[in-house]
Amino acid sequence: MRGDYIVEIKECSRDLTHKERVKLTDTTSAIRLDTATQEQGPVIINPDFYAVLHVHNEHSEDKDYDNYIIVDKDGSRYLTGSSSFFDSFVSIMEAMEGCDEEFQIKAYRSDSKNRPGKQFITCEIV
């Protein structure tokens with residue numbers, strides 16, 4: 001087993017099959033929200049479930065960090081390290097829990113008020 005790069009599922013919004021667990025920890029084909037929102041503008045996600053991944057990467061400046069993965073109902077997987085996005089996303093998911101009303105999430109970039117010239121990723125319900 002490779003010890004210099006380890007991805008573990010820290011939490012998940014639902015129980016996973018073994019196949020889903022393996023698929024979630026391999027993020028190579030996941031759509032990176034940072035890149036997608038820069039290149040194409042807002043991204044619409046129809047969320048099925050989400051997970052927090054803990055990453056240990058010996059080849060990174062910050063060796064231990066969390067990534068957030070959102071799985072769309074169509075099977076697409078969206079990945080970000082943005083805590084601002086994830087905080088907003090979880091707030092929406094918790095507010096909609098137990099509700100039968102259909103909804104989507106719009107992930108987009110917003111200008112930072114604290115850091116002029118910088119942007120961050122956030123989201124809203126649509």
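Helices and strands here are DSSP runs, with at least four residues for a helix and at least two for a strand, numbered from the N terminus. On that basis, the elements of the protein chain follow the order β-α-β-α-β-β-β-β-α-β-β, read from the N terminus. That gives three helices and eight strands in the protein chain. The model is a predicted one.

**Overall form**

The protein chain has 126 residues and a radius of gyration of 15 Å, which agrees with the value near 14 Å for a compact globule of that length. Its C-alpha atoms fill a box of roughly 40 × 40 × 25 Å along the principal axes. Of the 126 residues, 37% count as buried. The accessible surface of the protein chain is about 8000 Å², and carbon and sulfur atoms account for 44% of it.

Contacts can also be sorted by separation in sequence. Of those between residues at least 6 apart, 56% join residues at least 24 apart. As for charge, the protein chain carries 15 positive and 24 negative side chains, and the centres of these two sets are 4 Å apart.

**Nonpolar cores**

In soluble globular proteins, nonpolar side chains tend to be buried together. The largest nonpolar core of this model has 21 residues, and Leu 33, Phe 85 and Phe 89 touch the most other members. Two or more residues of this core come from each of α2 (33-40), β3 (43-45), β4 (47-57), β5 (64-72), α3 (83-96), β7 (105-111) and β8 (119-125). The element that gives the most to this core is α3, with seven residues.

Phe 85 shows how these parts meet. Leaving out residues up to four places away in sequence, Phe 85 touches Leu 33, Ile 70, Thr 80, Ala 107, Ile 121, Thr 122 and Cys 123. A second core, separate from the largest one, has twelve residues, among them Ile 9, Leu 16, Ala 51 and Leu 79.

**Four individual residues**

The residues below come from the helices and strands of the chain. Asp 48 is placed in strand β4, and Cys 12 lies in strand β1 (residues 5-12). His 18 belongs to helix α1 (residues 18-25), while Thr 35 is in helix α2.

Each of them is paired in the table with another residue, and the last column gives the distance between the two C-alpha atoms.

| Residue | Partner | Separation in sequence | C-alpha to C-alpha distance |
|---|---|---|---|
| Asp 48 | Thr 37 | eleven residues | 20 Å |
| His 18 | Gln 40 | 22 residues | 33 Å |
| Cys 12 | Val 52 | 40 residues | 6.4 Å |
| Thr 35 | Thr 80 | 45 residues | 9.6 Å |

Exposure can be read from relative accessibility. His 18 has 70% relative accessibility and therefore counts as exposed, the cut-off being over 50%. Asp 48 counts as partly exposed because its relative accessibility is 39%, a value between the limits of 20% and 50%. Thr 35, with a relative accessible area of 35%, is partly exposed. Cys 12 is also partly exposed, at 26%.

Contacts are available for two of these residues, leaving aside neighbours within four places in sequence. Cys 12 is in contact with Phe 49, Tyr 50 and Ala 51. Of these, Ala 51 is one of the residues of the second core. Asp 48 is in contact with Arg 14, Val 71, Asp 72 and Lys 73. Of these partners, Val 71 and Asp 72 fall within the residue range of strand β5 (64-72).

Note on methods: Residues numbered from 1 in each chain as written. Predicted model: local features only at pLDDT ≥ 70, side-chain atom pairs only at ≥ 80, totals over all residues. Heavy atoms only, no water. Rg over C-alpha atoms; globule rule 2.2 N^0.38 Å. Buried < 20%, exposed > 50% of the residue type's maximum accessible area, 1.4 Å probe, protein only. Contact = heavy atoms within 4.5 Å. Areas by Shrake-Rupley, 256 points an atom, 1.4 Å probe, with all protein chains shown as cover. Lys, Arg positive; Asp, Glu negative; His and termini not counted. Charge placed at Lys NZ, Arg CZ, Asp CG, Glu CD. Core = buried A, V, L, I, M, F, W, Y, C linked by side-chain atoms within 4.5 Å.
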